[in-house]
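Visitor: I've never read a protein model before. Could you walk me through one, feature by feature?

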Amino acid sequence: MPLSDAAIRRVKSTEKQQKLSDGGGLFLLVHPNGSRYWRWKYRFGGKEKLLGMGIYPEVSLAKAREAREDARRLLASGVDPSEQRKATTAARTTADGEAFEVIAREWLASRPWVPNYRKKVAAWFENDVFPFIGSRRAVELKASDFLQVARRMEARDAFESAHRVMQNCGQVMRYAVATDRAERNPVADLRGALVPAPEKNHAAVVDPALLGGLLRALHAYHGTPVVQAALKLAPMLFVRPGELRHAEWGEMDLDAGLWSIPAGRMKMRQAHIVPLARQALEVLRELRDVTGHGTYVFAGGRTDARPMSEAAVLAALRVMGFDKDTVTGHGFRATARTLLDEVLGFRPDIIEHQLAHAVKDPNGRAYNRTTHLVERTRMMQEWADYLDRLRMGNVVPLRPGQAA
């Protein structure tokens with residue numbers, strides 16, 4: 001039950017550390033020497049973390065609860081409260097918060113990204129940017145300073161990463177301008193100065209005959225029921241691999257035939273709906289007998305407290321003889337995008353909606369997750385039917401309105 005000030009005052013220190021829970025992740029640590037520290041336990045990016053909330057009684061129970069609610073609001077918006085605090089502290093302790101690293105950390109803490117991508121961008125800055133220009137005032141940086149950062153990355157053939165890092169540096173400088181800590185964004189002057197990044201697309205099968213062979217192999221795979229189901233659903237649903245792997249039973253409405261993915265797991269931080277075709281529902285209902293007692297649809301092999309390994313589907317593809325230049329889990333999205341357009345004739349904007357890409361109306365407003373849901377539902381069923389036909393060896397597309 002929740003704590004009270006009277007209950008806290010009654011607690012005596014002992015030889016061992018005591019933990020008094022107030023609920024919602026907030027608790028008070030009572031040390032053997034009598035000192036008492038507020039802590040808040042939360043999860044971010046799949047990892048358990050702790051955030052200090054102050055020392056009791058300087059920070060009262062009411063104040064600790066207020067701090068917890070503030071942190072929960074940050075967490076709900078996709079921001080790690082610990083990283084936000086680091087950025088704020090750095091801004092107060094560095095000369096007027098004008099150093100590039102301070103500004104970059106502020107900007108990073110506010111990005112509505114999925115945790116894995118946030119970690120990747122932070123690593124780029126920490127390894128390739130901060131050691132060279134992080135301590136300098138943003139207002140003093142020139143295009144040549146950023147070019148030198150990019151050249152170091154190009155020297156180790158990280159051409160694509162150099163482009164991405166410069167793109168992020170440009171966004172930091174625009175943020176610096178917006179917060180009156182720089183006059184302009186010099187990264188914009190690098191246009192055309194970087195070594196072009198080689199084109200790199202996820203390997204995908206877009207030839208109907210070859211796709212039919214791939215589908216037959218996927219359906220014939222003799223692995224665990226979880227991996228078997230993932231292999232069948234990956235081309236049918238064409239969501240991103242991480243979205244599929246982390247699917248939870250609580251998101252599945254098998255009666256309505258809908259999978260509702262929360263914004264926190266989507267790349268664009270927008271909630272997304274995946275209509276489930278008849279064939280997808282059959283696979284999921286069979287899998288529910290195996291993993292339905294737990295949280296994850298594709299539960300891990302060692303524990304159902306975590307989803308299956310990130311490499312599980314790729315490993316299965318490799319076992320079947322498909323190398324990385326032939327097909328990848330992410331490549332099923334390109335397969336669907338191409339064939340839904342060129343073979344089945346669906347409108348590109350409907351396809352982009354289902355791919356969870358940013359699509360805007362004529363007035364520049366983003367569509368919500370239910371936009372064109374009826375049409376998308378029809379498309380997903382026709383796509384599943386088309387995959388069945390390819391798997392059975394029929395590569396001739398049907399004319400509009402023709403029965404299967």
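**Two helices and a few odd spots**

Guide: Let's start with a contact between helices. From α8, the residues P208, L211, L214 and L218 meet F332, T335 and L339 of α13.

Visitor: How many of the residues in the contact of α8 with α13 are nonpolar, polar or charged?

Guide: Six are nonpolar, one is polar and none is charged.

Visitor: And at what angle do α8 and α13 pack?

Guide: Think of each helix as an arrow and compare the two directions. Helix α8 covers residues 208-220 and helix α13 covers residues 331-342; they pack at about 135 degrees, and their axes are 13 Å apart. Because roughly antiparallel would need an angle over 145, α8 is called oblique to α13. The crossing of this pair is left-handed.

Visitor: Okay, on to the backbone. Which residues does a cis peptide bond join?

Guide: To spot one, look at the omega angle. Here the cis bond joins Y56 and P57, with omega at about 10 degrees. You'll find P57 in the loop that lies between β4 (47-56) and α2 (61-76).

Visitor: I've also heard about phi. Which residue other than glycine has a positive phi near 65 degrees?

Guide: That's A356. Look for A356 in the loop between α14 (348-354) and α15 (373-391). F238 isn't a glycine either, and its phi is positive too, about 40 degrees. F238 sits in the loop between α9 (225-237) and α10 (241-245).

Visitor: Is F238 buried or exposed?

Guide: Check the relative accessibility: under 20% means buried. F238 has 0%, so it counts as buried. A356 has 15%, so A356 counts as buried as well.

Visitor: How far should I trust all this?

Guide: Good thing to ask, since this is a predicted model. You check the confidence score, pLDDT. For this protein the mean pLDDT is 85, and 89% of the residues reach 70 or more.

Visitor: Which elements have the lowest and the highest mean pLDDT?

Guide: Helix α3 (residues 81-93) has the lowest, at 69, while strand β5 (residues 252-253) has the highest, at 96. There's also a stretch to treat with care: across residues 398-404 the pLDDT is below 50. Leaving aside near neighbours in sequence, that stretch has four contacts in the model.

Visitor: What should I do with a stretch like that?

Guide: Where pLDDT is low, don't read the predicted coordinates in detail.

Notes: Residues are numbered from 1 along each chain as its sequence is written. This is a predicted model: local features need pLDDT of at least 70, side-chain atom pairs count only at pLDDT 80 or more; totals for chains, interfaces and linings use all residues. Side-chain values use heavy atoms; hydrogens and water are left out. pLDDT is the predictor's confidence in each residue, from 0 to 100. Helices (H or I, at least four residues) and strands (E, at least two) are DSSP runs, numbered from the N terminus. Contact means heavy atoms within 4.5 Å. Axes are lines fitted to C-alpha atoms, for helices over the stretch in contact, and angles run from 0 to 180 degrees between N-to-C directions. Angles under 35 degrees count as roughly parallel, over 145 as roughly antiparallel, 65 to 115 as roughly perpendicular and the rest as oblique. A crossing is left-handed if the near helix is turned anticlockwise from the far one by less than a right angle, and right-handed if clockwise. Ala, Val, Leu, Ile, Met, Phe, Trp, Tyr, Cys and Pro count as nonpolar, Asp, Glu, Lys and Arg as charged, and the others, Gly among them, as polar. Buried means under 20% relative accessible area, exposed over 50%, partly exposed in between (1.4 Å probe, protein chains only).
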